[in-house]
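Reader: I'm new to this and would love a close look at one part of this protein. Could you walk me through its salt bridges and the strands they sit in?

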Amino acid sequence: MSVAGRISSITTTVTPQLHHHRSTTAAATLHLPVHKTPTSLRCSNSSFLNPIRISSITPIKTRTRTRRPTSIQMSMEAGVGIMGTKLGMMTYFEATGKVVPVTVIGFREGNVVTQVKTDDTDGYNAVQVGYRRVRDKKLTKPELGHLEKSGVIPLRHLQEFRLQSVEGFEPNQKLVLEELFNEGDLVDVSGTTIGKGFQGGIKRHNFKRGLMTHGSKSHRALGSIGAGTTPGRVYKGKKMPGQMGGTKTKIRKLKIVKIDSDLRVVMIKGAVPGKPGNLIRITPAKIVGKNIPKN
């Protein structure tokens, strides 16, 4: 066989092997589609047997958040109230001989209207009341300047009472207890509860304790607080040991038993939040549909 015949036989045998192994030549080039949208490599069970596939992703749609107009979120009162100081508890005997536990609340100098807010000036109707006179150096200059606008004496506490209408109120107007409340009226009393510090579940949430026998290892411990696998976490709001007391609390619909104008005290049936000396806020009881609107 001649040399030319041998070369032609070699080329015929080698050419199929090159196509079998997909040799990269100028003719065998990989053409990828060009997309205008951004592309990313999305790997699904990528391995040596499953190569990475190139796919297009739809563009991400961004939401345009519209800010809501800010408004005053504040509960509306059934009427203007006053502030006082808790003096303690005692036993009161009614005319029929019935024994009633009452809380005595006294009043220092104050309960003066310091500011009247309207829809035109502040966006809502409210009456700001000041209580407990103090020396000038006990207040800051902005606080003194705010009170001097209305011609009011320096007062320690300032609180607002949001009302449906503020007609009949003006700055430097003194609020009298006998004109606002009568004996037998129902009132809402709010104040700061006594701080108890860090307490366990038995004292804080009235949990039951475990057995006190020798074999028991769970006397006052909390115990299990949730499942293991499902949900695998502790639900929010779980009653557990923690800080107890020291929070603002309101007790609704307490009855006024006695108003003593000479001693400047009021006796309210039952217990109110706080310890003796704490600030107490007294407002007319809210009765939906009667003194406050349903909506």
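Author: Sure, let's start with the term itself: a salt bridge here is a side-chain nitrogen of Lys or Arg within 4 Å of a carboxyl oxygen of Asp or Glu. The idea behind it is that side chains of opposite charge can pair when their charged atoms come close. Keep in mind that this is a predicted model. By that rule, the count comes to four salt bridges, and we'll go through some of them.

Take Arg133 and Glu109, whose side chains meet with N to O at 3.6 Å. That pair links distant parts of the chain: Arg133 sits in strand β6, Glu109 in the loop between β4 and β5, and they are 24 residues apart. How accessible are the two partners? Arg133 is partly exposed, at a relative accessible area of 46%, and Glu109 is partly exposed too, at 43%.

Now look at where β6 belongs. It is part of an open sheet of three strands, ordered β5-β6-β7 with antiparallel pairing. β5 (110-117) and β7 (155-162) stand at the edges with a single partner strand each, so one side of each has no neighbour in the sheet. From one strand to the next, the twist averages 25 degrees. Between β6 (residues 126-133) and β7 there are seven bridges, antiparallel again, and Val129 stands opposite Gln159 in β7.

Next up is a pair with another setting: Arg281 and Glu77, joined by a salt bridge at 3.1 Å, N to O. Arg281 lies in strand β13 (residues 279-284) and Glu77 in the loop between β2 (53-56) and β3, so the pair ties together parts that are 204 residues apart in sequence. Are these two buried or exposed? Arg281 is buried, and so is Glu77.

Strand β13 brings us to a closed barrel, where six antiparallel strands run β3-β4-β12-β11-β8-β13. Its neighbouring strands are turned by 50 degrees against each other on average, if you ignore direction. Within the barrel, eight bridges join β3 (residues 82-93) to β4 (residues 99-106), with Tyr92 opposite Val100 in β4.

One more salt bridge joins two barrel strands: Arg252 and Asp188 meet at 3.8 Å, N to O. Arg252 is in β11 (residues 248-260) and Asp188 in β8 (residues 186-192), 64 residues apart. Here the partners' surroundings contrast: Arg252 counts as partly exposed at 42% relative accessibility, whereas Asp188 is buried, with a relative accessible area of 1%.

Conventions: Residues numbered from 1 in each chain as written. Predicted model: local features only at pLDDT ≥ 70, side-chain atom pairs only at ≥ 80, totals over all residues. Heavy atoms only, no water. Pairing = 2+ DSSP bridges. Helix = DSSP H or I, 4+ residues; strand = E, 2+ residues; numbered from the N terminus. Axes fitted to C-alpha atoms, helices over the stretch in contact; angles between N-to-C directions. Buried < 20%, exposed > 50% of the residue type's maximum accessible area, 1.4 Å probe, protein only.
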